[in-house]
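Here is a short guided tour to read with the structure open beside you. It starts at the ligand and works outwards through the sheet and the helices.

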Amino acid sequence: GYDDSRGDYYLTKHDHVGYRYEILSLLGKGSFGQVVKCYDHKTKSNVALKIIRNKKRFEKQGAVEVKVLERLKMEDADDSHSIVHMVDSFLFRGHLCITFELLGMNLYEWLKAGGFRGVHLGVIKSFTVQMLHCLDLLSRSRIVHCDLKPENILLQDPSVTHPSRVDGNAPNAVNNAMSGDTVGYRIKVIDFGSSCFEDEKIYTYVQSRFYRSPEVILGISYNASIDMWSLGCILTELYTGYPLFPGENETEQLACIMELKGLPPVTLLDRSTRRKNFFDGPHPRIVPNSKGKKRRPDSKSLSSVLRADPLFVDFVNKCLEWDPVKRMRPSDALLHEWITGRRSERSELWSERWGYDKPTTTTTTTTTTTTTTLS
Ligand code: ATP
Ligand code: MG
Ligand code: MG
């Protein structure tokens with residue numbers, strides 16, 4: 001039902017937003033507002049209209065979303081970076097409104113429609129390349145998305161309303177995604193509603209919990225590399241169908257990460273402003289979750305969770321690097337052997353990373369043996 005206290009615009013079908021947009025149906029609802037499918041009487045085509053809640057905090061962040069989208073539209077003039085394009089933005093009855101090209105279903109809905117059985121690695125690789133082009137542009141533009149998750153990645157084709165229509169006649173076309181037919185799987189990153197410029201950060205605590213990077217959890221300053229962490233989480237979820245780190249709260253979130261990656265390096269802990277929330281002295285506080293499960297550091301490995309191509313495991317592992325300085329950058333990732341199919345020479349060079357100098361300890365091995373060492 002409609003809850004007036006949220007500050008959502010009350011929607012009625014065939015109502016007009018301005019003279020230009022006619023409301024057709026609800027596409028999605030998020031924390032910032034509602035997204036509706038509209039007919040644009042000016043261009044005579046369908047668009048997606050995001051109507052932001054008319055509450056101060058959301059208005060302010062909505063203005064940042066428009067600013068980031070304007071910048072990205074300029075940087076991505078040839079529309080080659082898998083980033084949603086804004087059409088227009090305006091105020092309507094006190095609500096900030098943004099119109100976008102109409103896209104298809106989001107990757108969470110898509111996984112769900114496939115019964116959470118996961119997606120074939122070939123499709124995931126195609127998504128990864130597209131995501132990396134987006135993240136590379138973002139990091140070059142010093143923009144942090146801050147909310148990468150399957151709900152914020154959309155299939156491009158709006159006519160795909162159900163996976164069985166991904167490929168015309170298959171009875172269950174998710175199976176085509178499972179069997180690696182990558183044709184037509186184009187995606188776009190949406191929702192810059194939590195984004196910021198690296199030097200104009202508003203919030204210290206960002207990202208949706210399952211996809212939240214360790215530096216954000218630990219209260220350390222962050223940059224565009226937090227999006228690479230989220231990407232690692234998303235890729236494993238696409239493969240297995242389920243979130244990699246499904247923490248019920250932030251304590252369990254860190255426990256999930258430690259279960260796989262062991263304790264955080266002291267270099268991070270020393271800089272943590274929130275260390276006391278998670279550690280009694282040097283020891284992690286182990287709290288059972290609602291199912292009574294206690295997560296022990298280092299008790300899981302990524303290769304056993306994924307049981308996939310070791311090159312994919314290695315790739316994900318390099319996204320899920322504790323230390324943001326050592327985490328793989330999008331430009332490195334595009335040269336990773338899993339992506340290129342050949343050993344890279346450049347990935348051995350630790351040139352400038354995320355705007356920092358060369359880290360003191362680096363792993364330069366690109367062979368698959370690194371996949372089993374989870375430090
Ligand atoms: P969040 O709670 O993640 O911050 P939000 O309120 O910022 O969400 P969006 O993520 O921008 O809102 O949009 C909410 C949902 O609406 C998306 O997950 C998606 O399913 C749908 N949606 C958004 N933009 C489009 C689009 N251009 N085309 C089709 N559907 C869209
Ligand atoms: Mg969203
Ligand atoms: Mg949002």
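## Around the ligand

Let's begin at ligand 1, in what is a predicted model. Three strands, β2 (21–29), β3 (33–40) and β4 (45–52), each give at least two residues to the shell around this ligand. The shell holds 21 residues, and the closest are G28, G30, F32, A48 and D191.

What kinds of residue make up this shell? Sorted by class, there are ten nonpolar, seven polar and four charged residues around ligand 1.

## The whole protein

Stepping back, the protein has twelve helices and twelve strands. Of its 375 residues, 41% count as buried. If you take the contacts between residues at least 6 apart in sequence, 67% of them join residues at least 24 apart.

## A six-stranded sheet

The strands that help surround the ligand belong to an open sheet of six strands, in the order β1-β2-β3-β4-β6-β5, with antiparallel pairing. At the edges stand β1 (16–17) and β5, and because each has a single partner strand, one side of each is left without a neighbour in the sheet. Helix α1 (residues 56–75) packs on this sheet, where it touches β3, β4, β5 and β6. The direction of α1 makes about 30° with that of β6.

Now walk across the sheet from the β1 edge. β1 and β2 run antiparallel and are joined by two bridges, with H16 finding its bridge partner in E22 of β2. Three residues lie between the strands of this hairpin, and G18 there takes a positive phi near 65°. Next, β2 and β3 pair in the antiparallel sense over seven bridges, and K29 is partnered by Q34 in β3. These two strands also form a hairpin, with three residues between them.

## Strand β6 and its neighbours

Is β6 (residues 95–101) largely enclosed or largely open? Six of its seven residues are buried, so strand β6 is largely enclosed by the rest of the structure. On one pairing, β4 and β6 are antiparallel over five bridges, and K50 has I98 of β6 as its bridge partner.

On the other pairing, strand β5 (residues 86–92) and β6 are antiparallel over six bridges. Within this pair, D88 stands opposite T99 in β6, while the partner of F92 is H95. The hairpin of β5 and β6 has two residues between the strands.

## Two residues with an unusual phi

Most residues other than glycine have a negative phi. Which residue in the hairpin of β5 and β6 takes a positive phi? It is R93, in the loop between the two strands, with a phi near 45°. R93 has 11 C-beta neighbours inside 10 Å, and since 12 or fewer is the cut-off, it counts as exposed.

C146 also has a positive phi, of about 70°, although it is not a glycine. This cysteine is found in the loop between β7 (143–144) and β8 (153–155). Is C146 buried or exposed? With 26 C-beta neighbours inside 10 Å, where 20 or more is the cut-off, C146 counts as buried.

## Two enclosed helices

Turn next to helix α6 (residues 225–240). At 1.5 Å a residue, its 16 residues should span 22 Å, and the end C-alpha atoms are 24 Å apart, which agrees. Because 15 of the 16 residues of α6 are buried, this helix is largely enclosed by the rest of the structure. Just after α6 comes G241, whose phi is positive, near 95°.

Helix α10 (residues 310–319) is also largely enclosed by the rest of the structure, because eight of its ten residues are buried. Those buried residues are F312, V313, D314, F315, V316, N317, K318 and C319. Which helices do they pack against? The buried residues of α10 pack against α3 (121–140), α6, α9 (302–306) and α12 (337–340).

Technical notes:
Residues numbered from 1 in each chain as written. Chains lettered and ligands numbered in written order. Predicted model: local features only at pLDDT ≥ 70, side-chain atom pairs only at ≥ 80, totals over all residues. Helix = DSSP H or I, 4+ residues; strand = E, 2+ residues; numbered from the N terminus. Expected span 1.5 Å × (residues − 1). Near = placed C-beta within 6 Å. Nonpolar A, V, L, I, M, F, W, Y, C, P; charged D, E, K, R; others polar. Pairing = 2+ DSSP bridges. Contact = placed C-beta atoms within 7 Å. Axes fitted to C-alpha atoms, helices over the stretch in contact; angles between N-to-C directions.
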